Structure formats: C-alpha cells, structure tokens
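Biologist: I would like to test the words we use for a protein model. Let us ask what earns each label.

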Amino acid sequence: MSAVPRLVDTHIHLDDLEDPGASLAEAHEAGVLDVIAMGVDGPGSRRVVSMAESMPGVWAAVGHHPLNQTAPDLAALGELAAHPRVVAIGEVGLDHADEHRGPHDAQEAWFDGCCRLALKYGLPVCVHTRDSTEAVYEAVLSHPVLRGVMHYWVLDWTWARRFLDLGFYISFSGVVTRASRQDLREVARAVPADRLLLETDAPWGTPRGRSGPMRPAWMLDTAEVVAAARGLTLAELAELERANASTLFTRLRLA
C-alpha cells in the first residue's frame, strides 16, 4: 500500500464550502494536509483568519477580489495581514470578462494597492487574471521585488514563461485533468520544478470524472495528472510541491 502524499492546497475558498470541517477531514485522509484559505473582501478575509486560528492545517490569505463592487479597506486588510497565520495577500488581480459587472476602471488601482500591501508586510500575492493578462503582467512588472503565484493557471507556455521570468510561481487546478487540456498538461510538464504549485480553488475547478462542487480531497486527482505529466511518482510530486509552498509562503509552518 502506497504512503499517503503530503500535499498543500495553495488556494481554496474554504468559507464557501458547505461543511468546511468535514471537507478538511476528508482532505486530510487523502493526503491534503494543509490549505491556504483565500479572502476575497474584508468580511471574508476576517472569516478565513478566524478559521486559520481555530482549524488545524488551515492558513489564511487576505485580499480583495477584482469583481468586488467597492474599493478595499487597505488599512483593515493590513491589520489582518500582520496575523501570524496569514501567509499571503489574496485573492487579488484583474478580471475584465464581459459577463461580470465589476467597476473595471477601478481594478488596476485596487490591485496596485494590494500589491503595495504585500510588499509592506513581506507577503506574496495570489493573483487572479481573466481577460486581462497583459494588464496583470504590467502591474506585476511595476513592482520588481513582488513575489507571488499565478493561481488557476489555464494559459499557454508563452505567458507562463513571462510570469516565471518575473520570479512568480504557477499553480495548477483541476482544469489540468480535463480531456481537452493536453496543452495545459504540457505547460505543467515544462514549469521549472521549483516554481510548481497545486490548488483546488474549491468549490470551483472540479476535475475530470467528478461531479458537483470541488472538494479539497479531489486535489489528489490534479496531483496524479501533473505527476504523470512530469514523470514523477505522486509522493515525489507532493514533496516537491510542499517544498515550493514553504519557500514562497514563508510564514507557513508545515509538519
């Protein structure tokens, strides 16, 4: 019987799960031992910090999603960012998809403010991009010492290489398992070993062969596909990913 892997879910919306405690217990049995719960606004950021204080294996990120309708309270996020269980500023970024009604003209200023907050507290950013990748790239480029991860990666190798050249990490979700995404598996194969991360983005990002909202235990599906693409065992990939998470998220204290 093979050993249980030791994976880190580097991006989950834990407060959006129907039963976070049960989901975490199931994930732990599957080998997902630690999760980073994203904040998408002020109240959500406070919730995930509270979860990180009370739930073993839970860490928090505090942030302001670009599809919010109002500006972030950077002072309040800064107070939360000082908490020792907060390991990143996220989820932040830009989103210009037509189906949404966010105040797109304000997103760049919001993202810049969150990047500055990350620099102030020495934290990495967890970056969302959709229909706005060039603008995200320029925003990151304007902060040369900023560290972070491009979450839920679905773009091509050319874009991956550009963000890698800025020192960023690339994180893969359940999308990489889907039959139509051989191109994405090629990107997962090509990303340097020390810049590779995994996530669920639960309750979104359900992998191939599953149905219903994404669960953190199902990150194992993603890990198995990425391991196969890279010619690694699941255990080898898990240890690599765990080491990378510890390197980027320096406040993480993994067992």
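Biologist: Where is Val175 placed?

Modeller: Val175 lies in the loop between S7 and helix H7 (182-190). Helices (H or I, at least four residues) and strands (E, at least two) are DSSP runs, numbered from the N terminus. This is a predicted model: local features need pLDDT of at least 70, side-chain atom pairs count only at pLDDT 80 or more, and totals for chains, interfaces and linings use all residues. Residues are numbered from 1 along each chain as its sequence is written, and side-chain values use heavy atoms, with hydrogens and water left out.

Biologist: Why is Val175 called buried?

Modeller: Buried means under 20% relative accessible area, exposed over 50%, partly exposed in between (1.4 Å probe, protein chains only). Val175 has 5% relative accessibility, so Val175 counts as buried.

Biologist: What is Val175 in contact with, leaving aside its neighbours within four places in sequence?

Modeller: Contact means heavy atoms within 4.5 Å. With those neighbours set aside, Val175 is in contact with Tyr152, Val154, Arg181, Leu184 and Gly205. The C-alpha atoms of Val175 and Trp204 are separated by 9.9 Å, and the two residues are 29 apart along the chain.

Biologist: What makes S7 and S8 a pair?

Modeller: Two strands pair if DSSP finds at least two bridges between them. Strand S7 (residues 169-172) and S8 have three bridges, in the parallel sense. Phe172 stands opposite Leu198 in S8.

Biologist: How are the eight strands ordered in the sheet?

Modeller: The order is S1-S2-S3-S4-S5-S6-S7-S8, in an open sheet with parallel pairing. Strand S1 (7-12) and strand S8 (196-198) are called edge strands because each pairs on one side only.

Biologist: What makes S5 largely enclosed?

Modeller: Five of the six residues of S5 are buried, so S5 is largely enclosed by the rest of the structure. S4 and S5 pair in the parallel sense over five bridges. Ile89 stands opposite Val125 in S5. Three bridges join S5 to S6, and these run parallel. Val127 has Met150 in S6 as its bridge partner.

Biologist: What kind of unit do S5, H5 and S6 make?

Modeller: They make a right-handed β-α-β unit. A crossover is right-handed if, with the strands pointing away from the viewer, the path from the first strand over the helix to the second runs clockwise.

Biologist: How do you know whether H4 has its expected span?

Modeller: The expected span of a helix is 1.5 Å times one less than its number of residues. H4 has 18 residues, and 26 Å is expected. H4 reaches 26 Å from its first C-alpha to its last, close to that value.

Biologist: Is Gln107 in H4 buried or exposed?

Modeller: Gln107 is buried, because its relative accessible area is 0%. Other buried residues of H4 include Trp110, Phe111 and Cys114. Among what covers the buried residues of H4 are helix H3 (74-81) and S4.

Biologist: How many disulfides are there?

Modeller: A disulfide is a pair of cysteine sulfur atoms within 2.5 Å. By this rule, the count is zero.

Biologist: Why is there no bond at Cys114?

Modeller: The closest cysteine sulfur, in Cys115, is 7.2 Å from the sulfur of Cys114, so it is too far for a bond.

Biologist: Why is there no bond at Cys126?

Modeller: The closest cysteine sulfur is again in Cys115, 11 Å from the sulfur of Cys126, and therefore too far for a bond. Cys126 is buried, with a relative accessible area of 0%.
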